[in-house]
Amino acid sequence: MRSVAILGATGSIGGQALDIIEKHPDQFRAAVLTAYASAEQLFEAARRFRPQAAGLVVPPPRIPPDLKGIEWFFGPDCSQRTLEAVRPQDALCAVVGVAGLGAVLTAARVCERVLLANKEALVTGGRLVLEAARARGVALLPVDSEHSAIFQCLQGAGDNRPVRLILTASGGALRDWPRQAIESATPAQVLAHPTWRMGGKITVDCASMMNKGLELIEAHYLFGMAPDALEAVVHPQSVIHSMVEFADGAVLAQLGAPDMRTAIGYAMGYPHRVPYGGQRLDFAHMGALTFQPPDEERFPCLALAKQALRAGEAHMVALNGANEAAVARFLQGRLPFGGIARTVAQVLERTLPGAMDSPEAVLEADARARTLAEAAMAESITE
């Protein structure tokens with residue numbers, strides 16, 4: 001039985017991970033549960049799984065009497081402190097945004113394996129995370145469906161060298177919209193994803209295709225591939241989760257129903273597979289699987305992410321920080337959807353090259369990017 005920390009236990013990824021733990025109590029124990037502010041939801045999970053420690057970024061008014069036997073931590077660093085107190089074998093890092101970087105670095109320092117569902121940790125601090133993991137021989141196991149697919153395909157590589165990673169994208173809720181309509185899409189329209197059910201921020205990123213750009217950066221770090229060896233392709237059916245092309249021309253793909261529990265279970269059980277009772281593919285009735293190149297004119301965020309990857313670490317932090325700030329404003333109804341890409345572009349133009357040699361440097365660069373983003377968004381409102 002492996003002890004697991006679920007950081008972001010009340011989110012989509014965390015909830016599905018807890019479903020797997022509940023189905024396989026002989027294999028996994030939820031030793032740590034943390035969340036941002038969903039206290040009642042976390043309390044319910046704590047009653048079901050009785051972790052050793054739990055944490056909330058936003059402190060609740062009180063802890064229910066029946067949960068006082070659990071060690072509780074509060075504040076922005078609650079995930080880090082729960083990991084240090086319990087030192088579970090595995091940490092599933094599903095905290096959204098750059099806020100999760102500290103927890104990922106702590107997990108690399110105190111756990112045996114890091115199950116990485118926080119792509120922003122690699123986008124903003126990829127070199128730091130890799131160095132921390134290598135220092136202790138800690139395994140980084142991808143949980144994003146695309147990176148899990150690549151990881152699974154690479155298990156069959158043998159001596160055949162991978163030369164290209166092809167990440168598939170659903171295209172999001174606005175995939176077939178004309179450019180003018182995309183500009184004024186509402187949060188409700190953007191959040192109506194055609195195939196996946198995820199949190200608000202990542203669903204917006206899917207619609208702008210920023211999510212695919214962030215995933216290309218994540219793949220660069222996870223698999224050591226050069227930017228020119230990374231490619232995205234729109235695949236509306238979301239059946240093929242990604243592909244790897246090898247030096248001999250062979251291409252391996254991983255297929256499955258669009259269910260994140262496949263990738264979560266593979267990371268949790270690796271090198272074994274963990275059944276979860278999900279839908280099986282019916283090839284006879286599936287119909288056509290189609291592909292098309294992403295339209296970077298309608299969805300410029302993908303091109304901006306590629307630009308940041310080539311520009312270096314400071315620009316990747318700026319890309320992420322500006323996007324997080326702009327998406328937050330969009331979800332509040334204070335920025336048009338098209339303003340997300342414009343804001344990110346302006347911040348990248350105003351960012352100077354630089355290396356991120358410490359978590360503090362990352363957070364400082366992130367703060368600068370958010371300040372620039374707020375200024376750019378304020379300018380656009382007054383124009």
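Which helix is E364 found in? Here are some notes to read alongside the model, which is a predicted one.

1. **E364 and its surroundings.** E364 belongs to helix α16, which covers residues 359-382. With a relative accessibility of 49%, E364 counts as partly exposed, because exposed begins over 50%. If you want a landmark elsewhere in the chain, try V317: E364 and V317 are 47 residues apart along the chain, and their C-alpha atoms are separated by 9.6 Å.

2. **Helix α14 on its own.** V317 leads us to α14, the helix of residues 313-331. How far apart are the end C-alpha atoms of α14? They are 27 Å apart, and this agrees with the 27 Å that 19 residues should span at 1.5 Å a residue. Of those 19 residues, 17 are buried, so α14 is largely enclosed by the rest of the structure. Just after the helix comes G333, which takes a positive phi of about 75°.

3. **How α14 meets α15.** Helix α15 is made up of residues 338-349, and α14 packs with it at an angle of about 150°. Angles over 145 degrees count as roughly antiparallel, and therefore α14 and α15 are described that way. Their axes lie 9 Å apart, and α14 passes α15 in a right-handed crossing.

4. **The residues in that contact.** If you would like to find the contact on screen, α14 contributes H315, A318, L319, A322, N323, A326, V327 and F330. From α15 come I340, T343, V344, V347 and L348.

5. **The four-stranded sheet.** Now for the strands. In what order do the four strands of the open sheet run? The order is β9-β8-β10-β11, with mixed pairing. The edges are β9 (230-234) and β11 (251-255), each of which pairs on one side only. From one strand to the next, the twist averages 20°. As a reminder, strands of a sheet pair through backbone hydrogen bonds, either parallel or antiparallel.

6. **A closer look at β10 and β11.** Strand β10 (residues 240-246) runs antiparallel to β11, and five bridges join the two. To pick out a facing pair, look for M243, which stands opposite A253 in β11.

7. **A helix on the sheet.** Which strands does helix α10 touch where it packs on the sheet? Helix α10 (residues 210-223) touches β8 (162-169) and β9. The direction of α10 makes about 150° with that of β8.

Definitions and conventions. Residues are numbered from 1 along each chain as its sequence is written. This is a predicted model: local features need pLDDT of at least 70, side-chain atom pairs count only at pLDDT 80 or more; totals for chains, interfaces and linings use all residues. Side-chain values use heavy atoms; hydrogens and water are left out. Buried means under 20% relative accessible area, exposed over 50%, partly exposed in between (1.4 Å probe, protein chains only). Two strands pair if DSSP finds at least two bridges between them. Axes are lines fitted to C-alpha atoms, for helices over the stretch in contact, and angles run from 0 to 180 degrees between N-to-C directions. Contact means heavy atoms within 4.5 Å. The expected span of a helix is 1.5 Å times one less than its number of residues. Angles under 35 degrees count as roughly parallel, over 145 as roughly antiparallel, 65 to 115 as roughly perpendicular and the rest as oblique. A crossing is left-handed if the near helix is turned anticlockwise from the far one by less than a right angle, and right-handed if clockwise.
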